[in-house]
Structures are given as C-alpha cells and as structure tokens.
Amino acid sequence: MSEGLHAMSDEDDRSPEDALRDMLRDMLAGNAELDPQRLAGAAGLPSDPASIQQLITQLQGALRGNPDGSINWDLALQQGRQLAMSGSVEAPPGQVSALQQAFHVAELWLDEATGVGALTQTPALLSRGEWVKRTMPLWTQLAEPVANSIADSLTKVMQEQAPEELQGMLANAGQMVRAVGGTLFAMQLGQVVGQLSTEVVSGGDIGIPLLEDGQAALLPQNVAVFGEGLDIGDDQVGLYLAVRELAHARLFRHAKWLRLQVITAITEFARGIRIDTERLEDVASSFDPANPEELREVLASGALIPPKTEAQEAALARLETQLALIEGWVDVVTAAATSRLPKADAVAETVRRRRAAGGPAESAFATLVGLELRPRRLREAAAMWQQVTDAVGAAKRDELWSHPDLQPEAADIDDPQRLIAKLNGTAPADPELDALDRALEDLLNDDSGDRPTEE
C-alpha cells in the first residue's frame, strides 16, 4: 500500500480527484483489498453475480458522473422496477373487468356516504412495476434529507479517519465520495420500494398520498394475494378495497391543502435527522471485511440514527395524529359505504390488522429514513369520526376538511364530545378577561385601536 501511495505522489500530473478515482476503481475491479461481493453484502444488497456486477457498474458510474456530488435517484427507480417486475404477472381479463366494475359501484356507494365529491380521473389498475414508477418521485423526496445526511457523514468520517498522506486527496474529492455514498443509498431505497410493490394493494395503502392528486389505483396481482385465505369472495374483497381507495383519493382531492401538508410534515421531520457520526466511526474502525454481515446488520437496525430529540418527538406526534385522522375518516366512510357487503367487517378488520403490523418493506423504509408511517391512534381516531357522524351527520363532519384550521386535533381524539359541542354551538364560551388582561390587551393594540377577535 505504501508503494502505491509513493507512486501516486510521484504522478504530479494527476489531480487528487483522479488519484482517488483510480484507487476506488482498483478496489471495484478486485485489484485491491475491497471485495465487491463483500461490498454488496455490507450494503444490504443481494450477493448474486448479477447484482454484484450491477453494483460495480453503478458505483463506477458514480465515479465518472455526478461531479456536484448529487444523488442519482434514477438508480432507485431502476432497482425498484427490476425487483417489482421479477415476480410480476399480468392480471387475467376477468379480474380486470371485475375490478373496473367494482370501482363503478364504489363511486355510487360513496356518493351516499359522503358529500366529498367524486374524482375526475379514471381509477387505474397498475402492475407492480407501474406502481414503482408512479410513486418513486415521492419516495425519493421523502428519503432525500436522510440520504444527504448519510452522504455528508460518510464524507466527514472518511476525511477524518484517512491516513495523513490521504488527507489532502480526500479534502478535494468530497463530492465524489458523496456520490458513491449516495449511490449505495439510492440502490437500497430502490430495493425497499421494489419490495413494497409486492405488498401494497392500492395507491393509498401506506396511508400517505403516493400518487398525484385525484388518482386512485389498485394493484390486481396484490389484491388477489390479499384475498387468499380469507374465505371471502373475490368480488367482496375487490369492492371493499375499491371503496376504501376511492375514499382516500377523494379526501385528498377535496382537501387540496392536505397532501402538501402531509408531505411537508414528513420532509421537515426527516431534515431534522442527524447521523450518529461517532457510531459510524466506531463501525468503520471495527469493520471486518471477512464479516460484512456485521456492518449490514448495523445499517439495517437503524443504529446510525440517534434517538429522536424532543422537537422531533413533538413533530412525529403531530404527524401521527394527522395520519390517524385521515385514515380514521377513511375507515368510517368506507364502513358506511360498504354496509351492504355481508363480509365487510371481516375485510375491514383484516385491513386494520395489516395496517397496524405493517409489512417487511414498510419496516425497512422506517429503518432507512428513521420514520414509521403507521398511525398509532387509528382506532381512536375512527371512533371519534363515528361519534361525530352520529351526532352531527356526514355533511358537518366533512366540512372539517374544508380548511386546515378546522381539522380536528389530538385533544379531539381524546375527547370527541369536545369537538361535537363545538360543531353544535354548545361549547362553553371563552372566559371573560379580567381587568388586568383587558388593560394589557388595550396596551398591545394601542397602535391600531382594534382589539383581536376572540376565538
């Protein structure tokens, strides 16, 4: 190794970036200590020859491209579609026809259960690969803050841990190191989303609005898998899932502010995540190339993401409340719309249990970005929406989605009667201001001469 470093120092016509690039290429070509198969294992990717070759190709591409150190998210799409299409089968014509008819019936039933208007776009039936393609833009948006944090931390650790003779080289090649780290992260994200495509049954199955506004979709292949072993007719399963998907899509189209609010809350939370660089340094210093699984397990466990701060915990609580309110409303509206289905309750309970537990890929995404998307108070939120419906009717209930300021809060989930009293106009009035409060208020409003409207 020392001879190689001496040789590099003698070649003054090469820039530090070129020297590092050549060194990494030697590693990827098997001419140095790093074994590509071990690298694949450490990255949590398959170690079969085809996957290893793809990993090498993508890393070499990262060395040649991305001069600004940005992450090539096209790799995530390629990985995701490849995994999704490996087990994908075309839906039989009979199933396609049945699900299209289910969407038509679902529209009519929902019109009776809610005043939230119908969609303008025709519901779609997607293959697993199509689902990956349509949803990947949002997945990358959600994952990008954490990906950048990992790439920055990787660059910092490499610069601090490198031998003195390599310090100058790495200081001038940080962007290239970021590109390599970003490539590995993008490929891992692609693996997660590709696996998710085998688990989800609809566009809104994860709870967040993955598809563009006003778009509803079912995945026929996964709908068929969902219905296996339930002892419930395929027609009932398909119709229930169609109603639920349309209710979810209708809500986000009706409350046009809601999608942006949810996505903003998730990305702001993700931006607050910082990588534990001390832990990363410990892992790097103790890493045994003969045992890459050890590093992979550390990455998969989320150990590099430190515990949440108080601010993050508060942000997460707000996000969970919002997701619970969304899905609780969808549950109640779906229950009302599917009251004619003999086995609707059984399908609904299967959906709730499945949602509460989450699938392997959803758990992998939670580890990758440090965020779980399963609302913990779904049942309580659904109970609140049902009490509101029984007390004031569907029309007043749905008016709560007409503006962000009207959306229920966590306290309303705890005490639905509080919200019902407000909707009925029977909530207790705010207490009268005492003399000191009035004097202070007058002083604060002296410039305008107006008093704020009491809420």
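Me: Buried means under 20% relative accessible area, exposed means over 50%, and partly exposed lies in between (1.4 Å probe, protein chains only). Why is glutamate 349 called partly exposed?

Reply: Glutamate 349 has a relative accessibility of 22%, so it falls in the middle class. This is a predicted model, in which local features need pLDDT of at least 70, side-chain atom pairs need 80 or more, and totals for chains, interfaces and linings use all residues. Numbering runs from 1 along each chain as its sequence is written, and side-chain values use heavy atoms, without hydrogens or water.

Me: What makes arginine 353 count as exposed?

Reply: Its relative accessibility is 57%. That is over the exposed limit, so arginine 353 counts as exposed.

Me: How do you know that arginine 353 and glutamate 349 form a salt bridge?

Reply: Their side chains meet at 3.1 Å, N to O. A salt bridge needs a side-chain nitrogen of Lys or Arg within 4 Å of a carboxyl oxygen of Asp or Glu, so the pair qualifies. Both residues lie in helix H16, four residues apart, about one turn of the helix. An α-helix has 3.6 residues a turn, so residues three or four places apart point the same way.

Me: Which residues are joined into one network by salt bridges that share partners?

Reply: Arg244, Glu327, Asp331 and Arg355. The whole structure holds 14 salt bridges.

Me: What makes arginine 250 and aspartate 111 a link between distant parts of the chain?

Reply: Start with the bridge: N and O are 2.8 Å apart. Arginine 250 sits in helix H11 (residues 234-254) and aspartate 111 in helix H6 (residues 93-113), with their positions 139 residues apart in sequence. Arginine 250 is buried, because its relative accessibility is 1%. Aspartate 111 reaches 46%, so it is partly exposed.

Me: How do you know that H6 and H11 are oblique to each other?

Reply: Their axes come within 8 Å and cross at roughly 55 degrees. Axes are lines fitted to C-alpha atoms, for helices over the stretch in contact, with angles from 0 to 180 degrees between N-to-C directions. Under 35 degrees is roughly parallel, over 145 roughly antiparallel, 65 to 115 roughly perpendicular, and the rest oblique. The crossing angle falls in that last class, so H6 and H11 are oblique. H6 passes H11 in a right-handed crossing. The residues that meet include Trp109 and Asp111 in H6, and Leu246 and Arg250 in H11; contact means heavy atoms within 4.5 Å.

Me: Why is H18 called roughly parallel to H20?

Reply: H18 and helix H20 (residues 416-424) pack at about 15 degrees, with their axes 9 Å apart. That angle puts the two helices in the roughly parallel class. H18 passes H20 in a left-handed crossing. Among the residues that meet are Met384, Val388 and Val392 in H18, and Leu419, Ile420 and Leu423 in H20.

Me: What makes tryptophan 385 and tryptophan 401 a stacked pair?

Reply: The centres are 5.6 Å apart, with 25 degrees between the planes. Rings of Phe, Tyr and Trp (its six-membered ring) pair if their centres lie within 6.5 Å; planes under 30 degrees apart are stacked, over 60 edge-to-face, and the rest tilted. Both values pass, so the pair is stacked. Tryptophan 385 lies in helix H18 (residues 378-399) and tryptophan 401 in the loop between H18 and helix H19 (410-414), so the pair ties together parts 16 residues apart in sequence. Tryptophan 385 has a relative accessible area of 0% and is buried. Tryptophan 401 is also buried, at 0%. With Trp257, these two residues form one aromatic cluster.

Me: How do you know that arginine 354 forms a salt bridge with aspartate 205?

Reply: The closest N and O atoms are 2.9 Å apart. The pair links helix H16 (residues 344-357), home of arginine 354, to the loop between helix H9 (174-196) and strand E2 (217-218), where aspartate 205 lies, 149 residues apart. Arginine 354 is partly exposed at 28%. Aspartate 205, at 14%, is buried.

Me: Why is helix H10 called largely enclosed by the rest of the structure?

Reply: Six of the eight residues of H10 (residues 220-227) are buried, so the helix is largely enclosed. They are Pro220, Gln221, Asn222, Val223, Phe226 and Gly227. Glycine 229 follows H10, with a positive phi near 80 degrees.

Me: How many helices and strands are in the chain?

Reply: There are 21 helices and two strands. Helices (H or I, at least four residues) and strands (E, at least two) are DSSP runs, numbered from the N terminus. Of the 455 residues, 47% count as buried.

Key: Left-handed = near helix turned anticlockwise from the far one by under 90°.
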